[in-house]
Amino acid sequence: MKHLLFSLAFAASFLCCNSLAAAPAQPGSFKVGNKTFLLNDKPFVVKAAEVHYPRIPREYWDQRIKMCKALGMNTLCIYIFWNSHEQQEGVFDFTGNNDIRAFVQLAQQNGMWVIVRPGPYVCAEWEMGGLPWWLLKKKDIRLREQDPYFMERLEIFEKKVGEQLADLTIDKGGPIIMVQVENEYGSYGEDKPYISAVRDCLRKSGFDKVELFQCDWSSNFTKNGLDDLTWTMNFGTGANIDQEFKKLGELRPNSPKMCSEFWSGWFDKWGGRHETRGAEAMVDGITQMLDRGISFSLYMTHGGTNWGHWAGANSPGFAPDVTSYDYDAPINEAGQTTDKFWTLRKAMEKYSGDYDPVTGKWGAPKKLPAVPKEFPTIAIPKFELNEFAPLYGACASNVEAGLKTFEEMNMGWGSMLYVTDLPDIPVQSVLKIDAHDYAQVFVDGKYIGKIDRVKHETSLILPPVKGMSMLSILVEGMGRINFGRAIKDFKGIVSDVTISAEVLNIETTWKPKAWFNSAIPDSYQNAIQAFEGKQQLIQALEKKKNAINIFIKGGLSKIGYYRGYFNLKKTGDTFLNLENWGKGQVYVNGHAIGRHWYIGPQQTLYVPGCWLKKGQNEVIVLDVIGPRGEQTIEGLQKPIIDKLNLDRPQTHRLEGQNLDLSGEKPVKEGEFKSGNGWQEVKFDQPVSGRYVCIEALNSHNNREYCCIAEWYMLGANGTRLSRESWQVAYCDDEDIESGNKTGDKIFDLQESTYWSTNRGVQFPHYLVIDLGQDQTFTGFQYLPRVEAGAPESIRQYRIYVKSSLFKGL
Ligand code: GLA
C-alpha cells in the first residue's frame, strides 16, 4: 500500500504542465530529462506550430498565433531569415515585419512557448535558404563551411539576433525554450567542426543557458550529431514513426523524442501539380506521436506567403517555388480554417490534458481556446491596367564590359539586359547560354526564343544575321536555390555566351566579349522610376545606333510595368487573378506581393486586406514576357493555386518513346528486401555509362504499381555520386493524378517524396536516368517509401547501364 501511494504521488509530481496557461514572465527552466523534456522540472510534451513571421503581415501575427493555439499547440517554432534582416551587408533591419522580438513577445502574451531556429541556413523554400545573396560577391566563398568570410558574417548576424532575443529565453523569464543549431546539415555535408563553430557562435551570442538542439533526417543525423546537443528528427505525414526514431533509440535510449518538422503538406513549384497530403494521415501521425509522449513541431501549421522575390528554388535541377506557401497546412494561406484544421483540432483536444510519462496516459481533456475570427475576404470587380512603362526604362545601372552576373552588378534580385553586336553569320547558328534563370533572346529587337533553366534549356537556333545586328538577351532571375550544394546560385548569365555555325564547311565559334550589361532591380521604387521616365538605359544606349528604335518597335516593347487602380469602400483579403498575364512580379500599394507565372499551378496572388485601403489602390504588374490576354485583373474571394497551364505534361515519356531493351544485358539483377530503410547493392565489377535504366519487375505487396523514394549511384570508391546534373530520360509511367509523383522525385534529395506509377498499369516499369556524362559505378543505393511497411516497394529488379541512349528513346 505504501508502495502504491508513493507511486501515485510520484506520478502526480510528473504530470506534465502542457497547460494552455500563459508562459510566465518569471525565470523558469526547460531541460532535457530522462526520456522527456522538463519544463520547470515537470515532464513536458512540445506541441509546436511552425509559422514564419516574414510570411505573415505583422498586422495578422496575433490572429495566426491564436489560430495555432486553438489547435491545441503550446509552442511556436520559428526560423530566423538572415537575408530578410540583412538585405545589404552590414545594414540590419529588425523593424516592422522583421521585428522578431515583437513576434516572440506576442507569442508570450498569447501563452505560447517559442523554439527559435536562427540558421544561419534555414532551407524553408526561401531564397538561398535564408543566406544573403551578397555573400556571393565573394565568388569563391564556401557557404555553410568554415570559410573565414562566411564565419565572420555569420557571427556578426547571430550577435544581432542575440541582441534581439537572448534576454527572452526561459531562464530570463522569456518564452524561448530551445534554439536550433544549423539545419538538416546531413543533406549538405559532414562537418562536425563547422557545426560546433555554429553552436559556439550561438552560445556567444547570448544563447548560453538555453537548450540547444539539432534536427535532421533519421537516415542522416549521426553524420553531424554533436554529443552535447539534443537530436531531433524531421519527417512527414505518413512516415513510419517507430522506424524514424529507431536509430535514436538505439544510440541515446534516454533521450526525449521529438519530430522537429512533421510535414503537414508540401510546397509547390512552378509547373508542378499542387501538392496535398491527406488530413487523416497527418492526424494519424500526430496522434501516434502523442500516444507515445513524443514532442513535435507541425511544419507548417500555417505556411503564409513568399512575398516579392523571397520564394526559393529546389534542386537538383532548378525547380523554383511558387509565391503561395499555403503548404496544404491546417491554417490556409489567408489564415482561415480548413477541413484539416478541424480534424486536427478534434484530435488534439484529447491530448490537451496533462501527460503522465509513468503511465503513458493523457489526463482529462481541457477545453481548447476558441477559434479566432477570420479576416473577411472581398471580391474586386475587373479593372484595367492601362498605364505602361517599358522594362528597359527601369534600368538602374549599366556597365560596358564582359558578361556580368547580378552579383557582380551588385544586384540581388531582378532582371538583366545584355546587349552585344553580332558578327556577320550568313547561316543559322546555335546560341548557347547558361542563363539563370529565364532568358529571352532578341535579334534587332525581334523575339527569337527563350531559354528556360527549369526545362534544362541552354541553347537555341539563331537565324542568319548581317554584321552589326544587335543581340539582346533579357534574363530574369528567380529565387536562388535553397537546398543542397546548389545554393551557391549566381544569377544572370553565368558563363560565356557562344554562337556556333558551320560557315563554308568550317565549324566556327564566336564568343562575344564586349557586352552592355544593364541591371534592372526588382523593387517597387524601380517600377515607379520606370513610370517617371528615368530611362537610364536609353540615355546610355543613345550612342548605340538605332538601339532605342529597336527596343521600342521590337519584342521588348510589351515587356514592362503595367499600372492600374481600383477603388474600395470596404477593405478585405483578396486573391488577384493573374490568369491574363505572363510572368513577373506584382506590387500592390507599394507592397511586393510576389511572382506570377501563367504555367501555374498558382494563378491568383493573396493580398491581405491590411495592405489595402478605402478609396484608390494601386496595382503594378511587372510582366517580363507580356500579357497573354486583356490587361485586366479581378480580385477573387477564393484562391486558384491548383491550375496548371502547360504546353506539355510534366511527365517524362515523350510521344513515340518506347524503350526497347532487346539485346541489352543487365549489369545487375536481384531482389530487394521488403520494409523501410536504405538498401545498398554492389555490382560484381565497376561499370561505366551515362544512362542508367531501372527495371522493376514486381512489388513486394503484389500490387500492380511501384514506387521509389530516393536513388543514388555509388562511385569508384563506393561513395554517393552528385546528382546535380541528373535528368529523367524516360519513365514509362508516372502518377500525376493522385499527387506530384514524377520520376525526378527519386533524386530530389527528399526522402518523403517519391516516384509512383499509376495503379493498374502492368509491370514491368522503367525509369531511365541521364547522368549528364559517362561515370563509373560500383553499385547503387535505393530507398523505398518511408511510410510503414514501405508500400509498393520493388521486389525483383534489373539494372542496365549504357553510354548511349537506349533504343526507342
Ligand atoms: C526540410 C527543411 C525545411 C523545409 C522542409 C520542406 O525539413 O528543414 O526548412 O525546407 O524540408 O518543406
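## Close-up views of a predicted model

**View 1. A right-handed β-α-β unit is built from strand β6, helix α5 and strand β7.** Welcome to the first close-up of this predicted model. Helix α5 covers residues 148-165, while strand β6 takes in residues 113-117 and strand β7 residues 176-180. From β7 the chain goes on through helix α6 (residues 192-204) to β8, and this β-α-β crossover is right-handed too. Follow the path from β6 by way of α5 to β7, and then from β7 by way of α6 to β8, to see how these elements are linked.

**View 2. Strand β7 pairs with β6 and with β8.** Here we look at the strands themselves. The pairing of β6 with β7 is parallel and runs over three bridges. The pairing of β7 with β8 (residues 211-216) is likewise parallel, again over three bridges. Val-179 is a handy residue to start from: Val-116 stands opposite this β7 residue, and Leu-212 in β8 is its bridge partner as well. How many of the five residues of β7 are buried? Five of the five are, and the strand is mostly covered. When tracing side chains here, it helps to recall that in a regular strand they alternate between the two faces of the sheet.

**View 3. The ligand has 15 residues around it.** Which of these come nearest? They are Tyr-79, Glu-125, Glu-184, Glu-261 and Tyr-327. Several polar side chains are worth picking out. A polar side-chain atom of Tyr-79 is 2.7 Å from an oxygen atom of the ligand. In the side chain of Glu-184, an N or O atom lies 2.7 Å from a ligand oxygen, and for a polar side-chain atom of Asn-183 the distance to an oxygen atom of the ligand is 2.9 Å. On its own the ligand has 300 Å² of accessible area, and the protein covers 100% of that.

**View 4. Glu-125 has a positive phi.** Stay with the ligand for a moment and turn to one of the residues that come nearest to it, Glu-125. Glu-125 sits in the loop between β6 and α5, two elements of the β-α-β unit in the first view. Its phi is about 55°, although Glu-125 is not a glycine. Is Glu-125 buried or exposed? Its relative accessible area is 5%, so Glu-125 is buried. Asp-41 makes a good companion: this residue also is not a glycine, and its phi is positive at about 70°. Asp-41 belongs to the loop between β2 (37-39) and β3 (42-44). Both are worth a look because most residues other than glycine have a negative phi.

**View 5. Cis peptide bonds join His-436 to Asp-437 and Phe-763 to Pro-764.** Between His-436 and Asp-437, omega is about 20°. Asp-437 is placed in the loop between β21 (435-436) and β22 (438-443). Between Phe-763 and Pro-764, omega is about 0°, and Pro-764 is in the loop between β42 and β43. For context, most peptide bonds are trans.

**View 6. The side chain of Thr-757 reaches the backbone of Cys-706.** Thr-757 is found in the loop between β42 (755-756) and β43 (765-783), the loop that also holds Pro-764. A polar atom of the Thr-757 side chain lies 3.1 Å from the backbone nitrogen of Cys-706. Thr-757 counts as buried because its relative accessibility is 1%.

**View 7. Two asparagines sit in strands β31 and β29.** Asn-577 is part of strand β31 (residues 574-577), and its side chain makes a polar contact of 3.0 Å with that of Glu-579. At 10% relative accessibility, Asn-577 counts as buried, since the cut-off is under 20%. Asn-517 is located in strand β29 (residues 515-521) and, with a relative accessibility of 0%, counts as buried. Its C-alpha atom is 54 Å from that of Glu-669, a residue 152 positions apart along the chain.

**View 8. The whole chain has twelve helices and 44 strands.** Finally, step back from the close-ups. The C-alpha trace spans about 105 × 75 × 50 Å along its principal axes. Of the 809 residues in the chain, 63% are buried. The radius of gyration is 28 Å, which agrees with the value near 28 Å that a compact globule of 809 residues would have.

Methods
Residues are numbered from 1 along each chain as its sequence is written. This is a predicted model: local features need pLDDT of at least 70, side-chain atom pairs count only at pLDDT 80 or more; totals for chains, interfaces and linings use all residues. Side-chain values use heavy atoms; hydrogens and water are left out. Buried means under 20% relative accessible area, exposed over 50%, partly exposed in between (1.4 Å probe, protein chains only). Helices (H or I, at least four residues) and strands (E, at least two) are DSSP runs, numbered from the N terminus. Two strands pair if DSSP finds at least two bridges between them. A crossover is right-handed if, with the strands pointing away from the viewer, the path from the first strand over the helix to the second runs clockwise. A residue is near a molecule or strand if one of its heavy atoms lies within 4 Å of it. A polar contact is a pair of N or O atoms within 3.5 Å; within protein, one must be able to donate a hydrogen and the other to accept it, and residues adjacent in sequence count only if both atoms are side-chain atoms. Accessible areas come from the Shrake-Rupley method with a 1.4 Å probe; for residues, only the protein chains shown count as cover. The radius of gyration is taken over C-alpha atoms; the globule rule is 2.2 Å times the number of residues to the power 0.38.
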